[in-house]
Amino acid sequence: MTLTPALLAFAACLPVLANGLPQAASSASTALPTSTAVVPGLNDLAISAGKRYFGSATDNPELNDTTYTSILENYAMFGQITPGNSMKWYATEPEPGVFTFTAGNVIADLAKSNGMVLRGHNCVWYEELPDWVTANNYNATELAAIVANHTGTLVGYYAGQMYAWDVINEPLNDNGTMREDVFYDTLGDSYISIALKAARAADPNVKLYINDYNIEYVGTKSTAMQNLIKQLQADDVPIDGVGLESHFIVGEVPTTIVENMQAFAALGLEFAITELDIRMELPATADLYEQQKTDYYTVVSACMQVEQCVGITVWDWTDKYSWVPSTFPGYGDACPWDSNDMLAHQNYERKPAFDGIAIALQGQSI
Ligand SMILES: *[C@@H]1O[C@H](CO)[C@@H](O)[C@H](O)[C@H]1NC(C)=O
Ligand SMILES: *[C@@H]1O[C@H](CO)[C@@H](O)[C@H](O)[C@H]1NC(C)=O
Ligand SMILES: *[C@@H]1O[C@H](CO)[C@@H](O)[C@H](O)[C@H]1NC(C)=O
Ligand SMILES: *[C@@H]1O[C@H](CO)[C@@H](O)[C@H](O)[C@H]1NC(C)=O
């Protein structure tokens, strides 16, 4: 027999909540606080505050989950989406010169039908490449043509549909040197200008971004990114924005985010928080949830303080589809909404982190 939520609650002698799910049985999960904010939606708040969007990453395998999509497709909540995987190189050019946009189009169509801003992610990255890019020992002439063709074809295909593209993803090492991947090893840093110029030629209106992590605070890597931008500008290479990924840890959010944003703003370009999540070491506790609320507040209010920060994207809004547990074993609960897991008594509830975001977007103090 299938246990409906009401039957499960009956079986466990638990009260049924208004959402049809049994109330949590374990004291560990009942102890976790939830949101108390009463607000129209985070995107509405962001737009009222003069930002372009508050949005989320999403991914094709999640879209058969109708509870998930009913929240994702609420424009008041999310005015922007980023495809988590389906526009990456392995997905869009799996064989040389063979382009497939079917999966990417699912995300682009979702944005279109909901009036959402779309961020393209990404053109050139050392990971999630199809084998052929690295396996064929291409020489510089060949690889330059491949980078230009991949970027130009991808950006050209979606021309007119995208607000921005992460043309270059994660080009720097944490010590500020260029990452030694197939592109750098073959082409030096010229691969960056090759891709940016191809992107501009393919879509004159889309914002061209370089996206990276550990550049959200004052330090060696951020300085290296600023120097890279200055060099591109000096060389007349088109560059419009910087993506500050912002994958943080609860209690360890950097204290120099605003100062760092001001340094990027001084370069005359825009930037965005592109992949925000704030993970904690499991098991979650009420204290960790409260600290996470403060931490989300800190990051979002930094964006509110600097005009050139155009928007904020969370790297999915629910713990159910977060990349964190599989990438950082022992860590999780990084998103502003919890999971939907009957056994853990979670049903896409908003966490206190949601309130931290809402308070910041309203320009209030926590
Ligand atoms: C959606 O499809 C995936 C397989 O792609 C499956 O694992 C998952 O259970 C499905 N989810 C729903 C809600 O049907
Ligand atoms: C690169 O390889 C092509 C063959 O695909 C060859 O014509 C060209 O001369 C090579 N370029 C260099 C710089 O070795
Ligand atoms: C990519 O290469 C194909 C095959 O040579 C060509 O038809 C196409 O125009 C190229 N596209 C771009 C944007 O360079
Ligand atoms: C910078 O980091 C990279 C990657 O970890 C390493 O290969 C390189 O040697 C480092 N360079 C310096 C100058 O420390």
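A residue counts as near a ligand if one of its heavy atoms lies within 4 Å of the ligand. The exercises below apply to a predicted model.

**Exercise 1. The surroundings of ligand 2**

Identify the residues around ligand 2 and describe the polar contacts and the cover by the protein.

*Solution.* Step 1: under the 4 Å criterion, the residues around ligand 2 are Asn139, Thr141 and Glu142. Step 2: for Asn139, an N or O atom of the side chain is 2.3 Å from an oxygen atom of ligand 2. Step 3: for Glu142, a side-chain N or O atom is 2.5 Å from an oxygen atom of the ligand. Both distances fall within the 3.5 Å limit for a polar contact. Step 4: ligand 2 on its own has 370 Å² of accessible area, of which the protein covers 29%.

**Exercise 2. The surroundings of ligand 3**

Carry out the analysis for ligand 3.

*Solution.* Step 1: Asn149, Gly152 and Thr153 surround ligand 3. Step 2: the side chain of Asn149 has an N or O atom 2.3 Å from an oxygen atom of ligand 3. Step 3: ligand 3 taken alone exposes 360 Å², and the protein buries 27% of this area.

**Exercise 3. The packing of H11 and H12**

Determine how helices H11 and H12 are oriented, and which residues make their contact.

*Solution.* Step 1: two packed helices are described by the angle between their axes and the distance between the axes. Step 2: helix H11 (residues 220-234) packs on helix H12 (residues 257-265) at about 10°, and their axes are 10 Å apart. Step 3: angles under 35 degrees count as roughly parallel, and H11 and H12 are therefore roughly parallel to each other. Step 4: H11 contributes Ser222, Met225 and Gln226 to the contact, and H12 contributes Asn260, Ala263 and Phe264. Step 5: sorted by class, this contact has 3 nonpolar and 3 polar residues, with no charged residues.

**Exercise 4. Backbone geometry**

Locate the cis peptide bonds at Asn122 and Pro283 and the positive phi at Asn137.

*Solution.* Step 1: most residues other than glycine have a negative phi, and most peptide bonds are trans. Step 2: the bond from His121 to Asn122 is cis, with omega near -10°; Asn122 belongs to strand S3 (residues 117-124). Step 3: Leu282 and Pro283 are joined by a cis peptide bond with omega about 5°. Pro283 is placed in the loop between strand S8 (270-281) and helix H13 (286-305). Step 4: Asn137, although not a glycine, has a positive phi of about 45°. Asn137 lies in the loop between helix H7 (131-135) and helix H8 (140-157).

Note on methods:
Residues are numbered from 1 along each chain as its sequence is written. Chains are lettered from A and ligands numbered from 1 in the order in which they are written. This is a predicted model: local features need pLDDT of at least 70, side-chain atom pairs count only at pLDDT 80 or more; totals for chains, interfaces and linings use all residues. Side-chain values use heavy atoms; hydrogens and water are left out. A polar contact is a pair of N or O atoms within 3.5 Å; within protein, one must be able to donate a hydrogen and the other to accept it, and residues adjacent in sequence count only if both atoms are side-chain atoms. Accessible areas come from the Shrake-Rupley method with a 1.4 Å probe; for residues, only the protein chains shown count as cover. Axes are lines fitted to C-alpha atoms, for helices over the stretch in contact, and angles run from 0 to 180 degrees between N-to-C directions. Helices (H or I, at least four residues) and strands (E, at least two) are DSSP runs, numbered from the N terminus. Angles under 35 degrees count as roughly parallel, over 145 as roughly antiparallel, 65 to 115 as roughly perpendicular and the rest as oblique. Contact means heavy atoms within 4.5 Å. Ala, Val, Leu, Ile, Met, Phe, Trp, Tyr, Cys and Pro count as nonpolar, Asp, Glu, Lys and Arg as charged, and the others, Gly among them, as polar.
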